[in-house]
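Biologist: Please take a close look at a single part of this model, the metal site, and then set it in the context of the rest of the chain.

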Amino acid sequence: MKTIFKAIFVLPAAAILQIGIVPNDPFFKYQTSFLNPGGKTVIERTSTKSSPVTLDAIAGIDADITRAWTISTGSKKVVVAVLDDGFFYGHEDLTGNIWANPGESGPDATGHPKETNGLDDDGNGYVDDVMGWDFAFNDPDPDCYVFDGMRKDRVQPYWHSISALGIIGARGNNGLGVAGINWDVSMMLLKIGAQGIGRDEKDTARPGRAAKAIRYAADNGARVINWSGFVSDPSPEALAELKAAIEYAGRKNVLLVAGAGNSGLNVDLPENATYPVCFPDENILTVAMIDFRGELVSYKAGERVLGSNYGVRSVDIAALDENFTTFLQNGRSSYRLAEGTSNSGPVVAGIAALTLAVRPDLSAAALKKILMDSAARLPALAGKVACGGMVNAYSSLRAASR
Ligand SMILES: [Ca+2]
Ligand SMILES: [Ca+2]
Ligand SMILES: [Ca+2]
């Protein structure tokens with residue numbers, strides 16, 4: 001029996017922070033995005049060396065996860081597809097929450113494992129797709145070990161996706177690492193690019209790979225897709241193909257959650273449009289990022305002002321971008337504070353999945369409405385994001401439970 005304890009603490013700021021279930025994961029104490037006690041909060045940037053950062057935080061500016069856990073800690077039955085550039089699925093705190101395609105698992109008629117028998121056992125058009133698929137190299141292994149484009153003689157792991165996986169579904173209350181929003185979940189891994197592709201050169205194939213991946217997710221049981229990325233400079237044909245795939249997913253009740261982007265722009269303006277964020281489709285939920293004071297993230301980089309993209313027509317909701325979660329360092333499991341809308345998006349995707357664990361019958365439209373209607377309104381978000389608020393897991397699960 002794993003230890004779970006409940007408590008309500010009175011805070012120095014005289015505010016009463018309501019705390020639900022606190023898991024036993026050792027780095028949960030740094031997961032301020034899940035439970036923000038407010039005040040000067042010192043946390044570590046990484047798990048591997050001391051590099052403390054002091055947060056000037058306001059109590060309750062968080063995703064209210066610990067109270068949501070009093071209602072549900074997730075379900076393996078909920079499948080979340082993650083689109084990214086390759087996955088370190090061997091991370092110590094992620095194994096166990098990676099999707100196992102039931103049609104490609106277990107022994108086949110001749111006793112060979114369906115996972116590796118070279119056959120398309122479930123007839124879905126993909127051979128041995130047990131975790132998902134690598135749409136970049138067209139093979140069943142969506143791994144993060146790729147040619148880096150500059151030195152083809154060197155193979156190195158790529159890390160971008162790993163924080164999304166940890167936020168959505170690091171194993172919770174297992175006495176190790178961090179807790180994901182979903183202690184239990186099934187994460188389908190869909191690799192749509194690789195380091196070296198689409199970074200230094202125009203990656204014209206990326207929208208097509210994303211479209212295929214979205215259709216795969218919709219056809220193979222995913223209810224939520226997280227895409228912490230975008231397509232840059234796509235052709236009209238490529239955009240149309242991508243939009244058609246998202247509409248297809250919508251007809252299968254799949255919600256696509258996308259980070260709004262980190263350029264600090266009003267993406268409602270045509271010259272700033274970015275995709276998939278600016279598609280009008282009802283089954284897309286787009287996510288801005290806020291800091292621990294509830295302000296839209298904005299900072300100067302030289303002469304430029306960067307930060308969260310926004311726009312009341314194109315951007316729906318906000319979440320904290322700074323999440324202490326899983327990381328990959330020197331090819332090994334580690335943990336660190338991750339930033340950007342690549343990480344605020346997965347907070348919302350994770351809460352969408354947790355909400356479906358409570359109410360699996362929700363349509364994509366109903367799920368999106370619950371997430372937006374139950375968001376905690378913040379003054380800084382008025383006129384910036386459609387619902388004017390930050391996602392709140394407890395309120396979402398309560399609304400879904402009614
Ligand atoms: Ca198959
Ligand atoms: Ca097989
Ligand atoms: Ca853990």
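Modeller: Helices (H or I, at least four residues) and strands (E, at least two) are taken as DSSP runs and numbered from the N terminus. On that basis the protein chain has seven helices and 21 strands. Its radius of gyration (taken over C-alpha atoms) is 20 Å, close to the 21 Å that the globule rule gives for 402 residues, so the chain is as compact as a globular protein of that length; the rule is 2.2 Å times the number of residues to the power 0.38. The C-alpha trace spans about 65 × 55 × 45 Å along its principal axes.

This is a predicted model, in which local features need pLDDT of at least 70 and side-chain atom pairs count only at pLDDT 80 or more, while totals for chains, interfaces and linings use all residues. Residues are numbered from 1 along each chain as its sequence is written, chains are lettered from A and ligands numbered from 1 in the order in which they are written, and side-chain values use heavy atoms, with hydrogens and water left out.

At the metal site, the calcium ion (ligand 3) has protein donors 2.2 to 2.6 Å from it: Asp25 (OD), Asp93 (OD), Asp93 (OD), Arg171 (O), Asn174 (OD1), Leu176 (O) and Val178 (O). Along the chain these donors follow the spacing D-x67-D-x77-R-x2-N-x1-L-x1-V. The site thus links distant parts of the chain, with Asp25 in the loop between strand S4 (21-22) and strand S5 (39-44) and Leu176 in the loop between H2 and S11, 151 residues apart. Donors are N, O and S atoms within 2.8 Å of the metal (3.2 Å for Na, K and Ca); water is not among the atoms, so sites may look incomplete.

Accessibility separates two of the donors: Asp25 is buried at 3% relative accessible area, whereas Leu176 is partly exposed at 29%. Buried means under 20% relative accessible area, exposed over 50%, and partly exposed in between (1.4 Å probe, protein chains only). Of the 402 residues of the chain, 56% count as buried.

Arg171 also takes part in a salt bridge, a side-chain nitrogen of Lys or Arg within 4 Å of a carboxyl oxygen of Asp or Glu. Its partner is Asp184, and the closest N and O atoms are 2.9 Å apart. This pair, too, links distant parts of the chain: Arg171 lies in the loop between H2 and strand S11 (184-191), Asp184 in S11, 13 residues apart. Arg171 is partly exposed, with 23% relative accessible area, and Asp184 is likewise partly exposed, at 27%.

The whole structure has 12 salt bridges. Away from the metal site, Glu247 pairs with Lys243, with 2.5 Å between the closest N and O atoms; both residues lie in helix H4 (residues 236-251), four residues apart, about one turn of the helix. Glu247 is partly exposed at 32%, and Lys243 is partly exposed at 24%. Lys243 forms a further salt bridge with Asp281, the closest N and O atoms being 3.6 Å apart. Asp281 sits in the loop between strand S13 (255-259) and strand S14 (284-290), 38 residues from Lys243. Asp281 is buried, at 10% relative accessibility. Returning to the residue at the calcium ion, salt bridges that share partners join Lys76, Arg171 and Asp184 into one network.
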